[in-house]
Amino acid sequence: MSFSDTKTASLSSTCQRRQLVSGVIAGGVAAALWSTGATAGGGEAILQPEVPDDAAFIARAFKLRNLAVALGDQPYGAVIVRKDVIIGHSHSRVVVEHDPTGHAELAAIRDAARRLSERDLSGAIMFSSSRPCPMCEAAAYWANIAEMKYGSNAASAGKPKLCG
Ligand SMILES: [Zn+2]
């Protein structure tokens, strides 16, 4: 875990977070870090961790974060987990897909819902490399996600609320 990971994870203000993003220099992380061998969201099977615990899920979110950086995107990753199974995942897609709403958490929710052909993700936990922004928290609320966990220590951000 590098200093920048810790710093990113500790920032609670969205404004601080976005300012940090603008200062991050992308690159330098080999795509080989990504163990599933494919860009997330393409519909391929998701490699599941050998030990399905919080540490493994948050580690996967950080792998996606590193993949985002390697792709030249913003340094965020997220996975959606239900019953100890990763049902959706994504790295940030804001830059590579020219989508201002392409945050990792939002994209991971969409990925899970599409994979399950189900818009209701009740009982799921969202793990993300940084604390979700208000847009992503609202998306988690609408998806009925039960809890958000973030950062290198998988700190709980509680149940998603619609208005912060
Ligand atoms: Zn967001």
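Helices here are DSSP runs of H or I at least four residues in length, numbered from the N terminus. With that in hand, Gly72 is a handy first landmark in this predicted model: the residue sits just after helix H3 and takes a positive phi of about 90°.

Now for the overall layout. The protein chain has five helices and five strands, and from the N terminus on these elements run α-α-α-β-β-α-β-α-β-β. Of the 164 residues in the protein chain, 40% are buried. As for contacts between residues at least 6 apart in sequence, 53% join residues at least 24 apart.

Back to H3, the helix that comes before Gly72. The end C-alpha atoms of H3 are 24 Å apart, which agrees with the 24 Å that its 17 residues should span at 1.5 Å a residue. Much of this helix is tucked away: 12 of the 17 residues are buried, so H3 is largely enclosed by the rest of the structure. The buried set includes Phe57, Ile58, Phe62, Leu64, Leu67 and Val69, but Arg60, Lys63, Arg65 and Asn66 are buried as well.

H3 is also one of the elements that the buried residues of helix H4 pack against. The other partners are strand S1 (77–82), strand S2 (85–91), strand S3 (125–128) and helix H5. On the H4 side, the buried residues run through Ala104, Glu105, Leu106, Ala107, Ala108, Ile109, Arg110, Asp111 and Ala112. H4 itself has 13 residues and reaches 18 Å from its first C-alpha to its last, close to the 18 Å expected at 1.5 Å a residue. Just after this helix, Ser117 takes a positive phi of about 50°.

The pairing of H4 with H5 deserves a look of its own. The axes of H4 (residues 104–116) and H5 (residues 134–142) come within 8 Å and cross at roughly 20°. Angles under 35 degrees count as roughly parallel, and H4 and H5 are therefore roughly parallel to each other. The crossing in which H4 passes H5 is left-handed. Glu105, Leu106 and Ile109 make the contact from H4, and Met135, Cys136, Ala139 and Ala140 make it from H5. Sorted by character, the residues of this contact come out as six nonpolar, no polar and one charged. The three H4 residues in the contact, Glu105, Leu106 and Ile109, also appear among the buried residues of that helix.

Conventions
Residues numbered from 1 in each chain as written. Predicted model: local features only at pLDDT ≥ 70, side-chain atom pairs only at ≥ 80, totals over all residues. Axes fitted to C-alpha atoms, helices over the stretch in contact; angles between N-to-C directions. Helix = DSSP H or I, 4+ residues; strand = E, 2+ residues; numbered from the N terminus. Parallel < 35°, antiparallel > 145°, perpendicular 65-115°, else oblique. Left-handed = near helix turned anticlockwise from the far one by under 90°. Contact = placed C-beta atoms within 7 Å. Nonpolar A, V, L, I, M, F, W, Y, C, P; charged D, E, K, R; others polar. Expected span 1.5 Å × (residues − 1). Buried ≥ 20, exposed ≤ 12 C-beta atoms within 10 Å, placed from the backbone.
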